[in-house]
Amino acid sequence: KSQVSRICQDIDQQVQAFLNRPLQESGYAYIFLDATYLHGRLGRALQVCSRAAVVAMGVNADGRRELLGLQVGDSESEGFWSAFISSLKERGLTGVKLVISDAHVGLTKAIRRQLQGCCWQRCRVHFARNLLQRVPKAHQGMVTAALRSVFAQERASDIMGRWDDLAGSLVERFPRAAELMDQAREDVLAFRHFPQQHWRKVWSTNLLERLNEEIKRRTRVVGIFPNDASITRLVGAVLLEQDEHWQLEGR
């Protein structure tokens, strides 16, 4: 038991040093934010609750990915996200030009409050799911194909034109879908303001989703965590391992 305790302490020190390290002064132009949910025990009764593990990934001035932070909480409220982003700023987060995430209300409010002056990119994959919820199942294949054609365009003007054409074609048959496209137009197409060679990397949270899949795979053997500290220990170790792998391979 004492040996296990010493091993956990050593891991905690490494993970905390990684999660609390000063961030690069050169800044991070692109920031990806996402959450994954795990099961943990909470309170005196140790009841099993859903715990949100939120992760931030940035792209530094050299064009390399870095995992910037992790926080575990009981919800994705605006206050929770604001505290997380604020902690990143205190560690030196600067130079943010674009934040990529889903459209969770608490997260988007926190981004506008904490990262003023930067653009917000609504993940195109999450948006597609939201859009299809407003389209009958029989027509979802057609809408999916049409939406993909928007992102196949190579010029910003063509992207805007194709988006407007699709929204217009949905007005009569699927007005709720057309309404969503009008509302989300600027947010889903925010990537067009940045270099074209970056578009495929920044128009969705797919880069972070792959990491979330790895977190799920590595935490599945645990099932239910005894507390938040144990979640931070294991997930933080996964992030540290992945970040070192990215730096070593030089991508």
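Asn60 has a relative accessibility of 7%, so this residue counts as buried. I start there, and I should say at once that the model is predicted. Asn60 belongs to strand S2, which covers residues 47-60. Which residues does Asn60 contact, once its neighbours within four places in sequence are left aside? They are Gln24, Gly27, Tyr28 and Glu66.

Next, the helix pairs, beginning with H2 and H3. Helix H2 takes in residues 78-90 and helix H3 residues 105-114. Their axes come within 8 Å and cross at roughly 40°. The two helices are therefore oblique to each other, because an angle has to be under 35 degrees to count as roughly parallel. The crossing of H2 past H3 is right-handed. On the H2 side the contact is made by Glu78, Trp81, Ser82, Ile85, Ser86 and Lys89. On the H3 side the residues are Gly106, Leu107, Lys109, Ala110, Ile111, Arg113 and Gln114. Sorted by class, this contact has five nonpolar, four polar and four charged residues.

One residue of that contact can be looked at on its own, and that is Ser82 of helix H2. Is Ser82 buried or exposed? Its relative accessible area is 10%, so Ser82 is buried. Not counting residues up to four places away in sequence, Ser82 touches Ala110 and Gln114. Both of those partners are named on the H3 side of the helix contact. For a distance across the model, take Ser82 and Glu179: they are 97 residues apart along the chain, and their C-alpha atoms are separated by 29 Å.

Now H5 and H6. Helix H6 is residues 156-170, and it packs with H5 at an angle of about 160°, the axes being 8 Å apart. That angle makes H5 roughly antiparallel to H6. H5 passes H6 in a left-handed crossing. From H5, the residues that meet the other helix are Val143, Ala146, Leu147, Ser149, Val150 and Phe151. From H6, they are Ile159, Arg162, Trp163, Leu166 and Leu170. The class count for this contact is nine nonpolar, one polar and one charged.

Phe151 leads on to the aromatic residues. How many aromatic pairs are there? The count comes to seven. One of the aromatic pairs is Phe151 with Trp203, where the ring centres are 5.3 Å apart and the planes are at 70°, an edge-to-face arrangement. Phe151 lies in helix H5, residues 140-151, and Trp203 in the loop between H8 and H9, so this pair ties together parts that are 52 residues apart in sequence. Both Phe151 and Trp203 are buried. Phe151 and Trp203 also belong to one aromatic cluster, together with Phe191 and Trp199.

Val202 comes just before Trp203 in the numbering, and Val202 is found in helix H8, residues 199-202. With a relative accessible area of 2%, Val202 is buried. Residues up to four places away in sequence aside, Val202 touches Tyr30, Phe32, Leu98, Ile100, Gln121 and Phe191. Phe191 is also a member of the aromatic cluster. How far apart in space are Val202 and His39, C-alpha to C-alpha? The distance is 30 Å, with their positions 163 residues apart in sequence.

The remaining helix pair is H9 and H10. Helix H9 is residues 206-219, and it packs with H10 at an angle of about 130°, with the axes 10 Å apart. H9 and H10 are therefore oblique to each other. H9 passes H10 in a right-handed crossing. H9 contributes Leu211, Glu214, Ile215, Arg218 and Thr219 to the contact. H10 contributes Leu234, Val235, Val238, Leu239, Glu241 and Gln242. By class, that is six nonpolar, two polar and three charged residues.

To finish, Gly236, which lies in helix H10, residues 228-249. At 0% relative accessibility, Gly236 counts as buried. Leaving aside neighbours within four places in sequence, Gly236 is in contact with Val15, Phe18, Leu70 and Ile231. What is the separation of the C-alpha atoms of Gly236 and Gln71? These two residues are 165 apart along the chain, and the C-alpha atoms are separated by 9.3 Å.

Key: Residues numbered from 1 in each chain as written. Predicted model: local features only at pLDDT ≥ 70, side-chain atom pairs only at ≥ 80, totals over all residues. Heavy atoms only, no water. Helix = DSSP H or I, 4+ residues; strand = E, 2+ residues; numbered from the N terminus. Buried < 20%, exposed > 50% of the residue type's maximum accessible area, 1.4 Å probe, protein only. Contact = heavy atoms within 4.5 Å. Axes fitted to C-alpha atoms, helices over the stretch in contact; angles between N-to-C directions. Parallel < 35°, antiparallel > 145°, perpendicular 65-115°, else oblique. Left-handed = near helix turned anticlockwise from the far one by under 90°. Nonpolar A, V, L, I, M, F, W, Y, C, P; charged D, E, K, R; others polar. Phe/Tyr/Trp six-rings, centres within 6.5 Å; stacked < 30°, edge-to-face > 60°.
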